[in-house]
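The following exercises are to be worked through with the sequence and the structure at hand. Each task is followed by a solution in steps.

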Amino acid sequence: MRASLVSAAILGLASQAASIDPLVIKGSKWFNSKTGAQFFVKGIDYQPDITSTSTVRDPLADIAGCTRDLPFLKDLGVNAIRVYQTEPFGNHDKCMSMLSDAGIYVMLDLSTPTETINRDTPSYDVDLLGYYQRKVDAFSKYDNIFAFLAGNEVTNAYNNTGASAYVKAALRDVKSYIKSKHLTIPVGYATNDDADIRWQLQTYFDCGSISDRADFYGINLYEWCGPSATFESSGYANVVKNFTNWDVPVLLTEYGCNAIKPRTFPEIAAIYGSNMTSSFSGGFVYEYVEEPNEYGLVKVSGSTGTKTADYEYFKKALAAVNPSGVSMSSYTPSGKQQSCPSVSASNNWIASSSLPPSPSNATCSCMMSTLTCVSKQSSIPTSAGDLEKFGQSVSSIFGTVCGTVDCGAVSGNATTGKYGKYSFCDPLQRVSWVMTEWYNDQRNVDGACDFGGFAKIVSVKSTDDSSCSDQKDDSQPSKGGSSDKGDSSSSSSAAAKTLGGAPSMAALSVSAVLAMLTSALI
C-alpha cells in the first residue's frame, strides 16, 4: 500500500522524550498519527545568514540563532520550517529540541551548495550518496523531522530535464537507506513552476515503482502577485487543477511573490481554503530572514531580529485561516499514480524512466583492484585552485583517451537510460579506469601510463573485473560526504535566484567537475 504509515517520528530513537506528535502520510494527505486530524503545513522557509553559495551555513547547529529566532517563529504561528542547508557533522540537539517543544516540525533539504546534483552536467556517485546517508543518520533521531527533500529546482528548463533522472535515483537510494534503518521518513522533491515542463516534472516523480517515486511533491510558486490578483488570474487555479486526484501529498515548498510591496499575502486564504485543501497540504512562505532579494520577514543581526514590513501582514493572514480537513479514519485514498512522460523534444522531456544505478563502494573498490595505471593522487583536492588544476588534468586525459577508447563504462546518458557499470564511482576511480584502458590499448608500452606525471603503474593480482558489478555495500553510509566540495544547482532558492544555477569552479563538487569534463561523452 503506497502511502500507509510514512512517519516523520522515529519513536524510541530520540534520546529526549517525545514532545510532538508523529505525522503519517495516508494517500495524498498528512495526518497527526495520535489524533487522526489532517495536518496542514503552516510553514516558513528558514535559512538565516546565507552570505555565499560556496559556504554551507547550518542554522540548526547555531544555538544562539535558534534562541534569537524561536520567539518570532512562535509569534508568527507557524507549525513547520523548511531548512535548506545543514551539515551532518554538527550538534543539532538543542535547536531541534527547542523547535519540538514549540510544536514546530522540520522539513530538511538533503542537498547543500557543496553537496548536490548539478543541473547542467549531472552526475551521482558514492560520495553524494554517502553525504545524504550521513544527513539521514544525523537528523532521523529527532521527533519533529517530518520529511526530507532530495532536490530543489534541479531541473528548471527543458534542456536540463535529464538531471531529474539523477535526482530520482538519489531519492530512490535515500528511501532504500531509510527503510534499511527501519525508519519511515518520507522523501520528496521540490520544483519550480515552469509551465513548459510542469506536467512532465510532476508525473516523472510520481511514475515507476514505489521504491522510485517521491513520497510527496513540493512546488515553489510565485505567481500570485499583489492584492488585485485572484485564484484564477494568478495562475494558481491551473496549478491546482494538475493535481486533481493525485496519489501523494502536494504542498507549496515556497510561495510569496514580492513584485508588489509590502506583501499582504492574499494567497494564504486560497492555500488554506476550499479551492486548494482537497489536493494541497499547505505550504512554506519564502522566507524568514531578510536578504538582498527582499523576501524576508525578519532582519537579523547578531543576537537581534527586527520585523520587516511584511511580518505583520503574514502573521495576520495566517491567523485568519483554519483549514478544514478530514479525519484519517474516515479518509479513503482514491488518487491515481501517473505514467512516466514520453522522452522526446516535442514533449519537452529528455529524462528516461530508466534511472542511474545505485552507487556501490564495493563495486568501485573491486574495479580499482584490477587497474594497472592509476592516479598518483590518493585524494581529490579541495581548494579552488588545486581543484581547477585537477579538472584540467582530467579533462586532458579524457580528451586524449575517449576519442580512441570506449569510455562508456564510466559515463551515463539520462536520455537513453544507459549508464556505465562504473559511472557512479568517484572521479579518481573513473579517471584511473580511463587511464588503464589507454595503457592496455597501447599494449603497455613505456610512457603510456604517464599522462604528464598524473599516473603511475601498480601491480595487481588480477585484471579480471567480471565480478565487480556483483559487489554490494551493506547498510552503512557510503564513503564521502566531506563539506568542502560542491555546486549550487539545487541549494536554497536564494542561491538559485542569485546565480541562476551556474556555479563557479570554487563551488563545484568534484563529481560535478568530472561530469563537466566528460559531458561530451554522454
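Helices, of at least four residues, and strands, of at least two, are taken here as DSSP runs and numbered from the N terminus. The model is a predicted one.

**Exercise 1. Describe the chain as a whole.**

Solution. By the definition above, the secondary structure of the chain comes to 13 helices and 18 strands. The next step concerns burial, for which the cut-off is a relative accessible area under 20%. Buried residues make up 59% of the 522 residues in the chain. The chain exposes about 19,600 Å², of which carbon and sulfur atoms supply 49%. Finally, consider contacts between residues at least 6 apart in sequence: 80% of them join residues at least 24 apart.

**Exercise 2. Determine how helix 1 and helix 8 are oriented to each other, and which residues meet.**

Solution. Begin with the axes. Those of helix 1 (residues 63–76) and helix 8 (residues 311–319) come within 9 Å and cross at roughly 45°. Angles under 35 degrees count as roughly parallel and those from 65 to 115 as roughly perpendicular. The two helices are therefore oblique to each other. Next, list the residues in contact: helix 1 contributes Phe72, Asp75 and Leu76, and these meet Tyr311, Phe314, Lys315 and Leu318 of helix 8. Sorted by class, this contact of helix 1 with helix 8 has 5 nonpolar, no polar and 2 charged residues.

**Exercise 3. Examine the backbone in the loop between strand 11 and helix 7.**

Solution. Recall first that most residues other than glycine have a negative phi, and most peptide bonds are trans. The loop in question runs between strand 11 (250–255) and helix 7 (267–271), and Pro262 is found in it. The peptide bond from Lys261 to Pro262 is cis, with omega near -5°. Phe265 also has its place in the loop between strand 11 and helix 7. Its phi is near 60°, a positive value in a residue other than glycine. Phe265 is buried, with a relative accessible area of 2%.

**Exercise 4. Locate Glu287 and Arg443, and state the backbone feature of each.**

Solution. Glu287 is in the loop between strand 12 (282–285) and strand 13 (298–301). A cis peptide bond joins Tyr286 to Glu287, with omega about 5°. Arg443 lies in the loop between helix 11 (427–441) and strand 18 (455–457). Although Arg443 is not a glycine, it has a positive phi of about 60°. Is Arg443 buried or exposed? Its relative accessibility is 73%, so Arg443 counts as exposed.

**Exercise 5. Classify two aromatic pairs and place one of them in a cluster.**

Solution. Ring centres must lie within 6.5 Å for a pair, and planes over 60 degrees apart count as edge-to-face. The count comes to 24 aromatic pairs. In one of these, the rings of Phe39 and Tyr105 have centres 5.2 Å apart and planes at 75°, so the pair is edge-to-face. Phe39 lies in strand 4 (residues 38–39) and Tyr105 in strand 7 (residues 105–109), so the pair ties together parts that are 66 residues apart in sequence. Phe39 is buried at a relative accessible area of 10%, and Tyr105 is buried at 5%.

For Phe243 and Trp246, the ring centres are 5.0 Å apart and the planes at 70°, so this pair is edge-to-face. Phe243 is buried, with a relative accessible area of 1%; Trp246 is buried, with 5%.

The last step concerns the cluster: Phe39 and Tyr105 form one aromatic cluster together with Trp30, Phe146 and Phe216.

How values were computed:
Residues are numbered from 1 along each chain as its sequence is written. This is a predicted model: local features need pLDDT of at least 70, side-chain atom pairs count only at pLDDT 80 or more; totals for chains, interfaces and linings use all residues. Side-chain values use heavy atoms; hydrogens and water are left out. Axes are lines fitted to C-alpha atoms, for helices over the stretch in contact, and angles run from 0 to 180 degrees between N-to-C directions. Angles under 35 degrees count as roughly parallel, over 145 as roughly antiparallel, 65 to 115 as roughly perpendicular and the rest as oblique. Contact means heavy atoms within 4.5 Å. Ala, Val, Leu, Ile, Met, Phe, Trp, Tyr, Cys and Pro count as nonpolar, Asp, Glu, Lys and Arg as charged, and the others, Gly among them, as polar. Buried means under 20% relative accessible area, exposed over 50%, partly exposed in between (1.4 Å probe, protein chains only). Accessible areas come from the Shrake-Rupley method with a 1.4 Å probe; for residues, only the protein chains shown count as cover. Rings of Phe, Tyr and Trp (its six-membered ring) pair if their centres lie within 6.5 Å; planes under 30 degrees apart count as stacked, over 60 as edge-to-face and the rest as tilted.
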